[in-house]
Amino acid sequence: MRIVSIDRFEGTLAICEDQDGRFFALESAELPKGAAEGSVLRIDDQEGTLCIDEEETARRRSKNHKMEDKLFR
């Protein structure tokens, strides 16, 4: 299983970053419903399925908000 995060969207592509800092593109139509910039996805290599890791997404967003608060206060 691989974990990636959606960095941004470019047209019909979702530009994702893996755990090693490598970027690659996925077709937006292949993403699970509700996937957005910053969403963390789990990719099952055996089945090729994608799902949003809600818990990890929330954890990372919270961490980013805390860093922004420190920077802009």
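Here is a short back-and-forth on reading the fold of this predicted model.

Q: Let's begin with the parts list. How many helices and strands are there in the protein, and in what order do the elements run?

A: A handy start is to walk the chain from its N terminus and note each element. Here you'll find one helix and five strands, running β-β-β-β-β-α.

Q: And the overall dimensions? What box do the C-alpha atoms fill?

A: The box is taken along the principal axes, and for this protein it comes to roughly 45 × 25 × 25 Å.

Q: Now the sheet. In what order do the five strands sit?

A: Order in a sheet is about who sits beside whom, so read it separately from order along the chain. In this case the sheet is open, with antiparallel pairing, and the order is E3-E2-E1-E4-E5. Strand E3 (23-27) and strand E5 (49-52) stand at the edges; each has a single partner strand, so one side of each has no neighbour in the sheet. From one strand to the next, the twist averages 40°.

Q: How do I check a pairing residue by residue? What is the bridge partner of Ile3 in E4?

A: Look for bridges, then follow them across the sheet. E1 and E4 run antiparallel and are joined by four bridges; one partner pair is Ile3 with Arg42 in E4. Now keep going: Arg42 also stands opposite Cys51 in E5. Strand E4 (residues 40-44) and E5 are antiparallel too, again with four bridges, and Asp44 faces Thr49 in E5.

Q: What happens in the hairpin of E4 and E5, and which residue takes a positive phi?

A: For a hairpin, count the residues between the strands and scan the backbone angles. This one has four residues between its strands, and Gly48 takes a positive phi near 75°.

Q: Where does helix H1 pack?

A: To place a helix, ask which strands it touches and how its direction compares with theirs. H1 (residues 54-72) packs on the sheet, touching strand E1 (2-10), E4 and E5. The direction of H1 makes about 150° with that of E4.

Q: Is Val40 buried or exposed?

A: Under 20% relative accessible area counts as buried. Val40, which lies in strand E4, has a value of 0%, so Val40 is buried. Leaving aside neighbours within four places in sequence, Val40 is in contact with Ile3, Val4, Ser5, Cys51, Ile52, Asp53, Glu56, Thr57 and Arg60. Take Thr57: that residue is 17 residues along the chain from Val40, yet their C-alpha atoms are separated by 5.2 Å.

Q: What about Ser5, buried or exposed?

A: Same cut-off, under 20%. Ser5 sits in strand E1 and comes out at 16%, so Ser5 is buried. With neighbours within four places in sequence left out, Ser5 is in contact with Ile15, Cys16, Glu17, Ser39, Val40 and Arg60.

Q: Zooming out, how much of the protein counts as buried, and how much area does the protein expose?

A: Of the 73 residues, 27% count as buried. The exposed area is about 5400 Å², with carbon and sulfur atoms supplying 48% of it.

Q: What share of contacts comes from residues 24 or more positions apart?

A: Here you pick out pairs by their spacing along the chain. Of the contacts with a separation of 6 or more, 31% join residues 24 or more positions apart.

Q: Last one: how far apart are the mean positions of the positive and negative charges?

A: You average each set of charges, then compare the two points. With 12 positive and 17 negative charges, the mean positions are 7 Å apart.

Terms used:
Residues numbered from 1 in each chain as written. Predicted model: local features only at pLDDT ≥ 70, side-chain atom pairs only at ≥ 80, totals over all residues. Heavy atoms only, no water. Pairing = 2+ DSSP bridges. Helix = DSSP H or I, 4+ residues; strand = E, 2+ residues; numbered from the N terminus. Axes fitted to C-alpha atoms, helices over the stretch in contact; angles between N-to-C directions. Contact = heavy atoms within 4.5 Å. Buried < 20%, exposed > 50% of the residue type's maximum accessible area, 1.4 Å probe, protein only. Areas by Shrake-Rupley, 256 points an atom, 1.4 Å probe, with all protein chains shown as cover. Lys, Arg positive; Asp, Glu negative; His and termini not counted. Charge placed at Lys NZ, Arg CZ, Asp CG, Glu CD.
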